[in-house]
Amino acid sequence: MQRLLSRYALSLLALDLALGLAAWWAAFWLRFNFEIPDEFERLALDASGWCVLGLAAGLVVRRVDRQVWTYIGLPEFRQLAGGVFLGAVFTAVAVLMLRIPEFPRSVLLLQPLLAFLLMGTARASWRTWAERGAHGQGGTPVVVVGSLDEAAGALRALRGSQRWRAVGIVSPLAAERGRSLQQVRVLGTVDDLPQVCEAADARTALVASPPGSDERRQALLLASEAHISLLTLPRPDEWLKAESTGPRKIELEDLLGRAPVALDVAGLAELFSGQVVAVTGAGGSIGSELCRQIARFGVGKLVCIDVSEYGIYQLEQELRRSHPQMQGIYYTANVREYERLHAILCQHRPAVVFHAAAYKHVPLMEECNEIEALRTNVLGTLHAARAASACGAKRFVLISTDKAVNPTNVMGASKRLAELMLQALAAREPRTQFVSVRFGNVLGSSGSVVPLFTQQIERGGPVTVTHPEIVRYFMTIPEAAQLVLQAGLMGRSGQIFVLDMGEPVKIVELARMLIRLSGKTEQEVPITFTGLRPGEKLYEELLADDETTEPTPHAKLRIAKTGGALPDVDAVVRWISDAGALPQGTPLREWLRAQVPEYGPR
């Protein structure tokens with residue numbers, strides 16, 4: 001194969017040199033008005049060898065011989081121009097040093113111009129022929145949704161595909177109607193999508209507008225009613241996946257839209273590279289994504305802990321497949337058992353511990369399971385933090401929630417108490433940096449609303465929403481995990497970080513988007529309202545304004561301003577331990593309110 005490639009490169013170089021030599025003679029021909037005198041024909045012949053040598057040197061230096069003509073573009077043309085220019089300089093130096101008498105200097109200027117013209121024409125012709133051959137049999141017609149600037153990248157991606165063929169563009173800008181890009185015309189605005197698709201005999205639209213844009217939502221509404229399939233290009237975080245080489249179906253994350261997280265890659269690599277890192281709750285949605293992100297930074301050993309046997313088994317299979325070089329250790333363990341945690345962490349002595357193990361389902365923890373929320377979310381956090389400190393960990397990061405802000409339910413109050421316990425422990429244990437990170441709902445996490453709605457839509461409905469005005473903040477699982485890592489790197493002991501969750505989303509609008517994504521309408525899959533559940537708020541709070549938070553160097557991270565007395569750690573442990581197997585809900589809530597004054601049960 002290498003020999004074949006070498007022969008291919010030599011053949012193209014020989015063709016370039018032949019074109020360069022032809023340009024040399026054409027330059028003489030033009031210089032002398034289409035007829036070269038005999039004495040100058042001899043000069044041209046004598047110097048032509050230096051022309052070929054100079055051009056060969058310039059092309060090799062600029063590595064023009066390695067170009068693949070089928071995919072030639074502007075960068076390759078700039079590279080070619082540099083090679084021809086260097087060749088012209090080498091030739092001019094040789095001719096001038098030989099002091100050839102009466103040599104026409106204009107030839108030294110004409111030759112590189114003609115050489116670039118001939119070589120560029122050959123490459124452009126080759127690519128045109130190759131593209132015509134590749135697309136000669138056509139492909140599935142597709143209409144591109146987006147402005148000309150947005151559609152440019154999509155059209156380039158489609159040109160490399162034999163499956164798709166762009167037949168038109170619908171732009172949100174009315175002024176662009178009638179213009180064309182890469183020989184594809186703007187046939188209308190986004191409102192005209194159904195009519196444009198029908199006229200172009202296309203049943204598919206490729207959305208090039210950015211994630212979260214109004215054009216994406218508008219296209220979804222129009223496409224579902226006209227039974228048009230919607231596609232989009234892979235996100236940057238999908239480019240490395242083998243299955244993400246072309247357009248894919250549009251997803252909920254594309255409609256909500258979140259700007260990519262800017263990470264301190266160098267700092268995180270220094271924090272994790274070659275180090276031992278432990279993650280509790282590693283089999284859950286956030287815990288498993290933390291493990292994936294940490295593995296990317298070259299961790300020396302990753303200790304994964306989860307109470308779920310199936311969850312830790314799935315994680316083990318995935319990480320062994322995607323990161324075979326990483327040393328992963330997988331434990332089934334409960335964070336409520338301090339001795340087990342202490343033994344695991346002291347055996348491996350992690351530098352950083354991420355604590356994602358928790359109960360998070362609000363209605364389940366509100367009735368019948370209140371003590372379980374306290375034992376897992378409060379005692380489990382304390383056990384993990386104490387074990388991490390005892391085993392020499394430098395950093396401990398607690399995954400908290402927006403429901404810890406002015407909590408109205410037991411789950412949120414238990415997470416707020418866990419934050420306070422961590423701050424109290426930070427005052428006692430200066431060797432370890434204890435940090436908490438709050439964020440809202442995560443798209444697609446286990447037990448969240450999106451999987452529930454998806455199942456209800458698959459059954460034909462109805463989709464159940466608790467209240468028409470209920471809103472929530474959402475972010476993607478990778479974004480949440482990346483910001484947790486960033487906060488763990490930046491945080492100082494006792495700090496509580498708040499993530500920028502963007503704009504809140506109405507749950508009923510979320511339900512509508514999921515129904516439309518399934519290719520159905522609200523008439524086919526109805527939405528019903530069931531009323532707020534126990535402990536549920538209409539609006540979640542994040543404390544993300546200037547009065548209650550302080551900015552950090554990272555645009556998506558802020559530090560919560562918190563005050564008040566810290567709890568007596570030992571007294572909290574005693575009360576929860578002595579509460580019994582089935583304590584009454586009212587005294588438990590009264591005690592919890594004494595520990596968390598902002599807790600207001602409903």
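This is a guided tour of one protein chain, with a suggestion at each stop of what to select next.

**The whole chain**

Begin with everything displayed, and keep in mind that this is a predicted model. The chain has 602 residues, and buried residues make up 50% of them, while its secondary structure consists of 20 helices and 22 strands. If you show the surface, you are looking at about 28900 Å² of accessible area, of which 55% belongs to carbon and sulfur atoms. Among contacts between residues at least 6 apart in sequence, 75% join residues at least 24 apart.

Now colour the chain by pLDDT, which averages 84, with 89% of the residues scoring at least 70. Then select residues 1–5, where the pLDDT is below 50 and where the model has zero contacts beyond near neighbours in sequence. Where pLDDT is low, the predicted coordinates should not be read in detail.

**Helix H9**

Select residues 265–272, which form helix H9, and look for its buried residues, namely Gly267, Leu268, Leu271 and Phe272. Why are these buried residues on the same side of H9? They lie there because they cover an arc of only 120° around the axis. On the other side of H9 you will find Val265, Ala266 and Glu270, which are exposed.

To see what covers the buried residues of H9, add strand E8 (276–280), helix H10 (285–296), strand E11 (352–355), strand E12 and helix H17 (477–490), which are included in that cover.

Stay in helix H9 and pick Ala269, which counts as partly exposed because its relative accessibility is 26%, a value between the cut-offs of 20% and 50%. From Ala269, draw a C-alpha to C-alpha distance to Val299, and the viewer should show 8.4 Å for two residues that are 30 apart in sequence. Just after H9, select Gly274, which takes a positive phi of about 75°.

**His348 and its contacts**

Move on to residues 338–348, which make up helix H12, and highlight His348 within this helix. Is His348 buried or exposed? His348 has a relative accessible area of 10%, so it is buried, since buried means under 20%. Next, show the residues that His348 contacts, leaving aside its neighbours within four places in sequence: these are Val276, Lys301, Val303, Ile329 and Tyr331.

**Aromatic rings**

For the next stop, display the side chains of the aromatic residues, among which the count comes to seven aromatic pairs. One of them is formed by Phe396 and Phe434, a tilted pair with 5.9 Å from centre to centre and 55° between the planes. This pair links distant parts of the chain, with Phe396 in strand E12 (residues 395–399) and Phe434 in strand E13 (residues 433–438), 38 residues apart. Phe396 counts as buried because its relative accessibility is 0%, and Phe434 likewise counts as buried because its relative accessibility is 1%.

Then select Trp24, Phe28 and Phe103 together, and you will have one aromatic cluster on the screen.

**Charges over rings**

Finish with two places where an arginine lies over a ring. First select Arg31 and Phe32, where the charged end of Arg31 sits over the ring of Phe32, 4.9 Å from its centre. Afterwards, select Arg296 and Phe297, where Arg296 lies over the face of Phe297 at 5.6 Å from the ring centre.

Notes. Residues are numbered from 1 along each chain as its sequence is written. This is a predicted model: local features need pLDDT of at least 70, side-chain atom pairs count only at pLDDT 80 or more; totals for chains, interfaces and linings use all residues. Side-chain values use heavy atoms; hydrogens and water are left out. Rings of Phe, Tyr and Trp (its six-membered ring) pair if their centres lie within 6.5 Å; planes under 30 degrees apart count as stacked, over 60 as edge-to-face and the rest as tilted. Helices (H or I, at least four residues) and strands (E, at least two) are DSSP runs, numbered from the N terminus. Buried means under 20% relative accessible area, exposed over 50%, partly exposed in between (1.4 Å probe, protein chains only). A charge sits over a ring if NZ of Lys or CZ of Arg is within 6 Å of the ring centre and within 35 degrees of the ring normal. Contact means heavy atoms within 4.5 Å. The arc is that of the directions from the helix axis to the C-beta atoms. pLDDT is the predictor's confidence in each residue, from 0 to 100. Accessible areas come from the Shrake-Rupley method with a 1.4 Å probe; for residues, only the protein chains shown count as cover.
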